[in-house]
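Let's walk through this one together, starting with a charged side chain and working outward from there.

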Amino acid sequence: MARLLAVNVGLPRDILWNDRTVHTSVWKDPVQGRRMVRRLNIDGDGQGDLAGHGGEHRAVFVYQIESYRYWEKRLGRSDFTYGQLGENFTIEGLPDDEVCVGDRYRIGSALFEVTQPRVTCYRVGIRMNEPRMAALLTSSGRPGFYLRVLQEGEVGAGDPIVKVAEGPERMTIEQINALLYLPGHPRSQLERALRIGALPAGWRASFEALLRGGAGQAGTTGNAGLSTAALTATTPGFFPLRVARIDRESLDVLSFSLEAADDRPLATPLPGQFIVLRVRPEPSGPPLYRSYSLSGPPSAERYRVSVKIEPEGRAGAYLKSRVRVGDVLDASAPRGSFVLSAGEDPVVLLSAGIGATPVLAMLHSLAATASRREVWWLHGARNRESHSFGLDVRRLVAALARGRIHVCYSRPAAGDKLGQDYDAAGHLDIATLDALAVPRDGDFYLCGPPRFLHDLIAGLATRGVPPDRIHTEIFAGLEAMTPGVVGAPPRAPHVPSDDPGSGPLISFARSGLAVHWSPSKHRSLLELAEACDVPVRWSCRTGVCHSCESGLVSGSVAYDPEPLDPPAEGNVLICCSRPRGDVVIDI
Ligand code: FES
């Protein structure tokens, strides 16, 4: 019979790691005597990062002594102590290839249910002094598992572990772990996993995303269960586009319509996607990369980008003053996962200023297909002089069966006509949506300045709109995700002081930064991005979780270690890759 060998607890503390402070409770120590296990924690235990650990379905982490032996042999180590893998319960028996999600066990006077495998995290690598540990745990099929506390009670070392019920479908921890993190993702197994009621919402959402993303079907690349970036595979590289026409949309916005400059057909973009333009204002200077949403109807003949000419914007100034009809520009293929989803529910398109561009492409798409969906166009501009696409939008909305429009001017000019140019004076905010009784059961697509996005996202969330129905496009760089790192003040992206000045050129397109790669200074593109304070997102740092998956706009990379499941075509996992030459990355 399986047995509890040790009960280990630890509270969060700050540790120094790679010149950073990490708040973590991965260090656990065995306790003497018996301990009370409560719904969220064992007495004396805690989690440093509740986004990644802890909570009702991850109250107790379990690891097996037989896996200790495996790692001792594989890593050539003999220094392990109870709690070595960050586990609360060190146990004998219940291997990951036998324990099933939904199984129930009595230990001491407490009752538990098996919920999920360990989630991958770099902190176990810190604890083990082995950076690859997150990948090794996942790929070995020995991740360990979490328990939910069905009945609180006391436990102690030596307690027998008694199975009292078996989970449905009989899917083991090893199988569930492989289904998400390793290649393959058979649809029948995904459907089987989704029938297990004990599986937590996050895992269910990942498996549902894999099904929606075409997992197991030919031609599908990437892991849609781990990254929304995986949904839109794109071939890296630039190709020539000829400027077919230039239109002024408002005081400071110009539209450039672009056609193929050679015989190659254009890829039809998904509504909401963008292209990256490569421009070279100084013939001998470095290129600039700028991402522009496609603002026209979905087309394989012509792309339209609409560019706001900012006073300090070098790329915009170049496009306005130097680019003429007939000129050729270098462009990437359409990319990005901010795209209109199919469905029947209402669509709410929310934008301010130049943020109208991607949602305008969605409106074009809805109009082109004579959509029967309820469609709301809600837009904020300063006044008519700075209001782009006004007539186009009113025409498109009027053509829809159930189209609604509301335009706010924050500072209407004397000649601007209420009811014709705009519908209300003031800012577009969540109170506007309340006043208009905009439905809350729709899909919301937002693009605009950071403050606009922040306030509307918060307002929608407090009104009960689920996070997966709120979609945003942010071009100024994504919000960083650095789990557990504390006390690091945000800094603007910059060239590091030790830039070698030669070597492959790494361009971080959204951050507007180009720096040189030196293999002796950085082990991965992630480390280089961090040295430049480019906003990055990561968790495992070793090719498992896909948190760092980013667009590879051009160039190619080599992996070390190889990702457990490759990213989508045209994307890169920056945590475990090095450039093969010049690369452009969409961060
Ligand atoms: S951080 Fe997990 S795959 Fe890169």
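Keep in mind that this is a predicted model. Find Glu56 to begin: at a relative accessible area of 30%, Glu56 is partly exposed, since that label covers anything between 20% and 50%. Its partner is Arg39, and the two side chains meet in a salt bridge with N to O at 3.4 Å. Both Glu56 and Arg39 sit in the loop between β5 (34–37) and β6 (60–64), 17 residues apart. Arg39 is partly exposed too, at 40% relative accessibility. The pair also belongs to a wider network of salt bridges that takes in Arg104, Glu113 and Arg148.

Across the model, the count of salt bridges comes to 37. Take Arg373 and Asp443, whose closest N and O atoms are 3.4 Å apart. Arg373 is in the loop between α8 (356–368) and β20 (374–381) while Asp443 is in strand β23 (residues 443–447), so this bridge ties together parts 70 residues apart in sequence. Here both partners are buried. Now look at Arg384 and Asp421, with 3.9 Å between their closest N and O atoms. This one is a mix: Arg384 is partly exposed at 44%, whereas Asp421 is buried at 10%.

Next, swing over to helix α7 (residues 314–322), where Ala315, Gly316, Tyr318 and Leu319 are the buried residues. They span an arc of only 160 degrees around the axis, which is why they end up on the same side of α7. Their cover includes strands β14 (253–260), β15 (274–279), β16 (288–293), β17 (302–308) and β18 (328–332).

Definitions and conventions. Residues are numbered from 1 along each chain as its sequence is written. This is a predicted model: local features need pLDDT of at least 70, side-chain atom pairs count only at pLDDT 80 or more; totals for chains, interfaces and linings use all residues. Side-chain values use heavy atoms; hydrogens and water are left out. Buried means under 20% relative accessible area, exposed over 50%, partly exposed in between (1.4 Å probe, protein chains only). Helices (H or I, at least four residues) and strands (E, at least two) are DSSP runs, numbered from the N terminus. The arc is that of the directions from the helix axis to the C-beta atoms. Contact means heavy atoms within 4.5 Å. A salt bridge is a side-chain nitrogen of Lys or Arg within 4 Å of a carboxyl oxygen of Asp or Glu.
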